[in-house]
Amino acid sequence: MKKSLLLTALAAALSASLAHAGEKLIVAATPVPHAEILELIKPQLAKEGVDLEVKVFTDYVQPNLQVDQKHLDANYFQTKPYLDNFNSGKGTHLVIVKGVHVEPFGGYSSKYKSLKDLPEGATIAIPNEGSNSGRALILLQKAGLLKLKDPSNALATPKDIAENPHNFKFKELEAALLPRVLDQVDLALINTNYALEAKLNPSKDALVLEDRTSPYVNYLVARPDNKDSDAIKKLSAALTSPEVKAFIEQKYSGAVVPAF
């Protein structure tokens with residue numbers, strides 16, 4: 001009898017321990033603002049039985065590959081045009097779960113204070129990946145610096161420029177490298193997460209910046225087999241909570257804008 005009671009007590013203790021530990025959820029994110037926002041919601045998710053682990057990446061490729069290969073459960077860093085282009089190019093089947101925020105994309109310079117100051121033949125650095133390259137060129141078009149063959153081409157590259165009246169030269173680089181070349185080029189078009197990491201303030205430092213109507217929402221992304229799991233649903237709800245909205249508005253002062 002005593003042995004039976006002891007085993008029952010041990011089983012109950014183990015069950016309680018597992019319940020407290022919660023379901024493990026490993027999510028990839030770039031450092032700013034994605035990982036910061038995920039760290040904010042960790043305590044709330046723990047109360048709901050989800051043990052959130054944040055894996056920080058500084059590139060845009062591995063977070064998708066590792067979710068697709070089931071090394072990670074989800075990621076939070078990308079826009080729909082980027083995801084669509086990635087799935088098409090890599091043969092992956094990742095899916096959108098929920099839109100969280102917009103990071104207005106901007107152009108920065110360490111040499112000039114205004115776009116009007118850019119000299120003839122200026123060198124402009126842009127991301128070398130399709131959706132971000134197109135995003136950069138569309139922004140320059142809206143600023144009146146060039147014209148694209150198709151003004152709405154989200155995957156435009158410099159080859160798709162129809163008119164370049166100022167003879168700008170374009171340098172295509174990996175997005176993460178763009179802040180590091182600011183002193184080597186005349187203008188660099190930089191994703192806001194990398195701008196923030198480089199201590200640039202988009203609302204103050206950008207010479208040109210997307211407005212709040214930007215369609216480039218940053219999404220929580222998962223796989224078809226886990227997108228409807230309880231843990232992912234809880235994560236999605238936490239990312240779009242009033243607490244996260246207030247955190248984004250207070251911490252990033254317009255450099256990051258809630259999309260919910």
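This is a working chat about a predicted model of one protein chain.

Visitor: What are we looking at, and how many helices and strands does the protein chain have?
Guide: A predicted model. The protein chain has 9 helices and 13 strands.

Visitor: What does the C-alpha trace span along its principal axes?
Guide: About 90 × 40 × 30 Å.

Visitor: And how many of the residues count as buried?
Guide: Of the 260 residues in the protein chain, 47% count as buried.

Visitor: What about contacts between residues well separated in sequence, at least 6 apart?
Guide: Among those contacts in the protein chain, 73% join residues at least 24 apart.

Visitor: Switching to rings. How many aromatic pairs are there?
Guide: The structure holds 6 aromatic pairs. One of them is formed by Y60 and Y82, with an edge-to-face arrangement, 5.7 Å centre to centre and 70° between the planes.

Visitor: Where do Y60 and Y82 sit along the chain?
Guide: Y60 is in the loop between β2 (50-56) and α3 (62-68), and Y82 is in helix α4 (residues 80-90). They are 22 residues apart, and the pair links distant parts of the chain.

Visitor: Are those two buried or exposed?
Guide: Y60 has 10% relative accessibility, so it counts as buried, the cut-off being under 20%. Y82 has 5% relative accessibility and therefore also counts as buried.

Visitor: Which aromatic pair do F77 and Y82 form, edge-to-face or stacked?
Guide: Edge-to-face, at 6.1 Å centre to centre with 70° between the planes. F77 is buried, as is Y82.

Visitor: Which residues do the ring pairs link into a cluster?
Guide: Y60, F77, Y82, F86 and Y194.

Visitor: Staying with α4, how does it sit against helix α5?
Guide: Helix α5 covers residues 130-142, and its axis and that of α4 come within 8 Å and cross at roughly 145°.

Visitor: Which residues meet there?
Guide: P81, Y82 and N85 in α4 meet G130, S131 and N132 in α5. That contact divides into 2 nonpolar, 4 polar and no charged residues. Y82 of this contact also belongs to the ring cluster.

Visitor: Next, helix α2 and helix α9. What is the geometry?
Guide: Helix α2 (residues 31-47) packs with helix α9 (residues 242-252) at an angle of about 135°, and their axes are 11 Å apart.

Visitor: Why quote both an angle and a distance between the axes?
Guide: Because two packed helices are described by the angle between their axes and the distance between the axes.

Visitor: Fine. Is the α2 and α9 arrangement oblique or parallel?
Guide: Oblique. Angles over 145 degrees would count as roughly antiparallel and 65 to 115 as roughly perpendicular, so about 135° leaves α2 and α9 oblique to each other.

Visitor: Is the crossing of α2 past α9 left-handed or right-handed?
Guide: Right-handed.

Visitor: Which residues make the contact?
Guide: On the α2 side, V32, P33, E36, I37, L40 and I41. On the α9 side, E243, V244, F247, I248, K251 and Y252. By class, the contact has 9 nonpolar, no polar and 3 charged residues.

Visitor: What joins V32 and P33?
Guide: A cis peptide bond, with omega about 0°. P33 is placed in helix α2.

Visitor: What about A46, also in helix α2?
Guide: A46 is partly exposed, with a relative accessible area of 46%. Its C-alpha is 9.9 Å from that of K24, and the two residues are 22 apart in sequence.

Visitor: And A28, where is it and is it buried or exposed?
Guide: A28 is in strand β1 (residues 23-29). A28 is buried, with a relative accessible area of 0%.

Visitor: What does A28 touch, leaving out residues up to four places away in sequence?
Guide: K55, F57, P63, L72, A74, N75 and Y76. As for Q66, it is 38 residues from A28 along the chain, with the C-alpha atoms separated by 8.7 Å.

Visitor: Last topic, backbone. Which residues have a positive phi although they are not glycine?
Guide: K199 is one of them, with phi about 65°. S253 is another, with phi about 45°.

Visitor: Where are K199 and S253?
Guide: K199 lies in the loop between α6 (192-197) and α7 (202-205), and K199 is exposed, with a relative accessible area of 73%. S253 is in the loop between α9 and β13 (257-258).

Definitions and conventions
Residues are numbered from 1 along each chain as its sequence is written. This is a predicted model: local features need pLDDT of at least 70, side-chain atom pairs count only at pLDDT 80 or more; totals for chains, interfaces and linings use all residues. Side-chain values use heavy atoms; hydrogens and water are left out. Rings of Phe, Tyr and Trp (its six-membered ring) pair if their centres lie within 6.5 Å; planes under 30 degrees apart count as stacked, over 60 as edge-to-face and the rest as tilted. Helices (H or I, at least four residues) and strands (E, at least two) are DSSP runs, numbered from the N terminus. Buried means under 20% relative accessible area, exposed over 50%, partly exposed in between (1.4 Å probe, protein chains only). Axes are lines fitted to C-alpha atoms, for helices over the stretch in contact, and angles run from 0 to 180 degrees between N-to-C directions. Angles under 35 degrees count as roughly parallel, over 145 as roughly antiparallel, 65 to 115 as roughly perpendicular and the rest as oblique. A crossing is left-handed if the near helix is turned anticlockwise from the far one by less than a right angle, and right-handed if clockwise. Contact means heavy atoms within 4.5 Å. Ala, Val, Leu, Ile, Met, Phe, Trp, Tyr, Cys and Pro count as nonpolar, Asp, Glu, Lys and Arg as charged, and the others, Gly among them, as polar.
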